[in-house]
Amino acid sequence: MRSLEVLPQGSFSRATRVSPAADTAARTADINLLACDAADGNPAAVGAVLELMRPLVVRYCRARIGGRDLAYLTADDVAQEVCLSVLKILPNYRKRGGSFLRLVYAVAAHKVTDAVRAAAQKPIADVPGRALIERPGADAGGRMDVGARLGRMLAVLPRAQQEVLALRIAVGLSAIETAEALGVSAGNVRVTQHRALTRLRGMLQEEKY
């Protein structure tokens, strides 16, 4: 099995003068090779894939779900379901090929959407101990906390902008890795991120007045 060294985002060897883009491409290729080894049943590779995937998935689910009330489920519960689903379909990865990051993202996005939709259809009264509830994200004094405010602002953004911000900022993927996951160009990712941040700044300015 080819060893995988997960480097800090944007890092590269000055001795060999490898560009950040080339370094990211090499790291992505290593992840794909590791997934292939795991698909072939290599126990060490399966463990390495899970170790690499889980923190990324947890950060993504926390960013996408935010302060939403999912009744019995938490963002970490959804992340666990994502990891289990990816491991279940992993044996077919070599046959289907493609980007492993894109596969993980597709499963995560689907699971988050299903969880949010299911929670929206379940009345709060059906949740034990939740008959009396203040507005989501509010503290005992009824004040909206920063996380909830940001979550509501993000929810206003177009879906594409939400996904790019989640992958770039919350998960910590590079523009190239985000493009790989979403199946778009790195340029598209950068433009989408710029527009999303510009709109968020505008909303923050409006709240001041």
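This report describes an internal cavity and three helix packings in a predicted model.

## The cavity

The structure contains one cavity of 30 Å³ or more. About 180 Å³ of space lies in the largest cavity. Three elements each give two or more residues to the lining of this largest cavity: α2 (43-65), α5 (100-121) and α7 (159-171).

The lining of the largest cavity consists of 15 residues, and those nearest its centre are Leu56, Val57, Leu101, Val104 and Tyr105. In chemical character, the lining divides into 15 nonpolar residues, with no polar and no charged ones.

## Helix α2 against α7

Helices α2 and α7 pack at an angle of about 135°, and their axes lie 9 Å apart. The two helices are therefore oblique to each other, and their crossing is right-handed.

On the α2 side, the contact is made by Leu56, Arg59, Tyr60, Ala63 and Arg64. On the α7 side, Arg159, Gln162, Glu163, Ala166, Leu167, Ala170 and Val171 take part. The residues of this contact comprise seven nonpolar, one polar and four charged. Leu56 of α2 thus appears in two settings: it belongs to the contact with α7, and it is among the residues nearest the centre of the largest cavity.

## Helix α2 against α3

Helix α2 also packs against helix α3 (residues 75-89), at an angle of about 140° and with the axes 8 Å apart. This angle makes α2 oblique to α3, because only angles over 145 degrees count as roughly antiparallel. The crossing of α2 and α3 is right-handed.

From α2, the contact involves Val46, Leu50, Met53, Arg54, Val57, Val58, Cys61, Arg62 and Ile65. From α3, it involves Ala75, Asp76, Val78, Ala79, Gln80, Val82, Cys83, Val86 and Leu87. By class, the contact of α2 with α3 holds 14 nonpolar residues, one polar residue and three charged residues. Val57 takes part in this contact and is also listed among the residues nearest the centre of the largest cavity.

## Helix α5 against α8

The axes of α5 and helix α8 (residues 175-182) come within 7 Å and cross at roughly 65°. The crossing of α5 and α8 is right-handed.

Leu101, Arg102 and Tyr105 of α5 meet Glu177, Glu180, Ala181 and Leu182 of α8. The residues of this contact divide into four nonpolar, no polar and three charged. Leu101 and Tyr105 of α5 belong to this contact, and both are among the residues nearest the centre of the largest cavity.

Methods
Residues numbered from 1 in each chain as written. Predicted model: local features only at pLDDT ≥ 70, side-chain atom pairs only at ≥ 80, totals over all residues. Heavy atoms only, no water. 1 Å grid on protein atoms, 1.4 Å probe; cavity = no way out; pocket = protein on both sides within 12 Å on 5 of 7 lines; lining within 4 Å. Points joined across faces, edges and corners; volume = space filled by probe spheres on them. Helix = DSSP H or I, 4+ residues; strand = E, 2+ residues; numbered from the N terminus. Nonpolar A, V, L, I, M, F, W, Y, C, P; charged D, E, K, R; others polar. Axes fitted to C-alpha atoms, helices over the stretch in contact; angles between N-to-C directions. Parallel < 35°, antiparallel > 145°, perpendicular 65-115°, else oblique. Left-handed = near helix turned anticlockwise from the far one by under 90°. Contact = heavy atoms within 4.5 Å.
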